[in-house]
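Reader: I would like to go through this structure with you, one feature at a time. May I begin?

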Amino acid sequence: MQESGFKGFEASAWYAMVAPTGTPPEVVNKVNGVVNAFLKSDRGKAVLEQNALQGVGGSPEDLKTFIASELAKWKPVIETAKIAM
């Protein structure tokens with residue numbers, strides 16, 4: 001896209017595990033720990049690589065920050081294109 005004149009163009013797909021609002025923090029933290037351990041394990045890395053995926057992991061706060069940044073990045077595009085959900 002850069003070569004086509006779209007300076008700074010970036011788009012990617014991402015996946016995240018989320019839980020309903022009100023899920024007890026100890027449950028969120030336990031699941032987060034298990035998922036992060038899997039992503040760092042040899043098995044986890046192999047599964048991701050086999051599917052051309054890259055595991056990032058992190059904390060629930062990291063995910064909240066990431067989602068906020070994605071919303072801020074794509075909001076102007078959605079508004080300009082008049083996309084309604």
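Reader: Where is E79 found?

Author: In this predicted model, E79 is found in helix α3.

Reader: Is E79 buried or exposed?

Author: E79 counts as exposed, because its relative accessibility is 52% and the cut-off for that class is over 50%.

Reader: How far apart are E79 and G58 in space?

Author: The C-alpha atoms of E79 and G58 are 30 Å apart, with the two positions 21 residues apart in sequence numbering.

Reader: Which residue forms a salt bridge with E79?

Author: The partner of E79 is K75, and their closest N and O atoms are 3.9 Å apart. The limit for a salt bridge is 4 Å. Both E79 and K75 lie in helix α3, four residues apart, about one turn of the helix.

Reader: How many salt bridges does the structure hold?

Author: It holds two. Besides the bridge of E79 with K75, there is one in which the side chains of E70 and K73 meet, at 3.0 Å from N to O.

Reader: What separates E70 and K73 along the helix?

Author: About one helical turn, because E70 and K73 are three residues apart in helix α3, which covers residues 60–80.

Reader: And is E70 buried or exposed?

Author: E70 counts as buried, since its relative accessibility is 11% and buried means under 20%. Its partner K73 is partly exposed, with a relative accessible area of 32%.

Reader: Turning to aromatic residues, how many aromatic pairs are found?

Author: A search of the whole structure finds two aromatic pairs. One of them is formed by W14 and F66; this pair is edge-to-face, with 5.0 Å from centre to centre and 80° between the planes. The pair links distant parts of the chain, as W14 lies in the segment before α1 and F66 in helix α3, 52 residues apart.

Reader: How accessible are W14 and F66?

Author: W14 counts as partly exposed at 36% relative accessibility, and F66 also counts as partly exposed, at 33%.

Reader: What else lies in the segment before α1?

Author: F6 has its place in that segment, ahead of α1 at residues 25–40. F6 is partly exposed, with a relative accessible area of 46%. Together with M1 and F9, F6 forms a nonpolar patch on the surface, and the accessible area of the three is about 310 Å².

Reader: Now the pockets. What volume has the largest pocket?

Author: The largest pocket has a volume of about 1,100 Å³. Its lining consists of 34 residues, and those closest to its centre are Y15, A16, M17, G57 and L63. The elements that give two or more residues to this lining are α1 and α3.

Reader: Which element gives the largest share of that lining?

Author: The largest share comes from α1, with eight residues.

Reader: One backbone matter remains. Where does A52 lie, and what is notable about its phi?

Author: A52 lies in the loop between α2, residues 42–50, and α3. A52 has a positive phi of about 55° although it is not a glycine. A52 is also exposed, with a relative accessible area of 71%.

Reader: And what of K82?

Author: K82 likewise has a positive phi, about 55°, and is not a glycine. K82 lies in the segment after α3 and is exposed, with a relative accessible area of 72%.

How values were computed
Residues are numbered from 1 along each chain as its sequence is written. This is a predicted model: local features need pLDDT of at least 70, side-chain atom pairs count only at pLDDT 80 or more; totals for chains, interfaces and linings use all residues. Side-chain values use heavy atoms; hydrogens and water are left out. Patches are made of residues with over 30% relative accessible area and no salt bridge: like charges are joined within 9 Å, nonpolar side chains (Val, Leu, Ile, Met, Phe, Trp, Tyr) within 5 Å. Accessible areas come from the Shrake-Rupley method with a 1.4 Å probe; for residues, only the protein chains shown count as cover. Buried means under 20% relative accessible area, exposed over 50%, partly exposed in between (1.4 Å probe, protein chains only). Rings of Phe, Tyr and Trp (its six-membered ring) pair if their centres lie within 6.5 Å; planes under 30 degrees apart count as stacked, over 60 as edge-to-face and the rest as tilted. On a 1 Å grid over the protein atoms alone, a cavity is a set of points where a 1.4 Å probe fits but cannot get out, and a pocket is an open set with protein on both sides within 12 Å along at least five of seven lines; lining residues have an atom within 4 Å of a point. Grid points are joined across faces, edges and corners, and a volume is the space filled by probe spheres set on the points.
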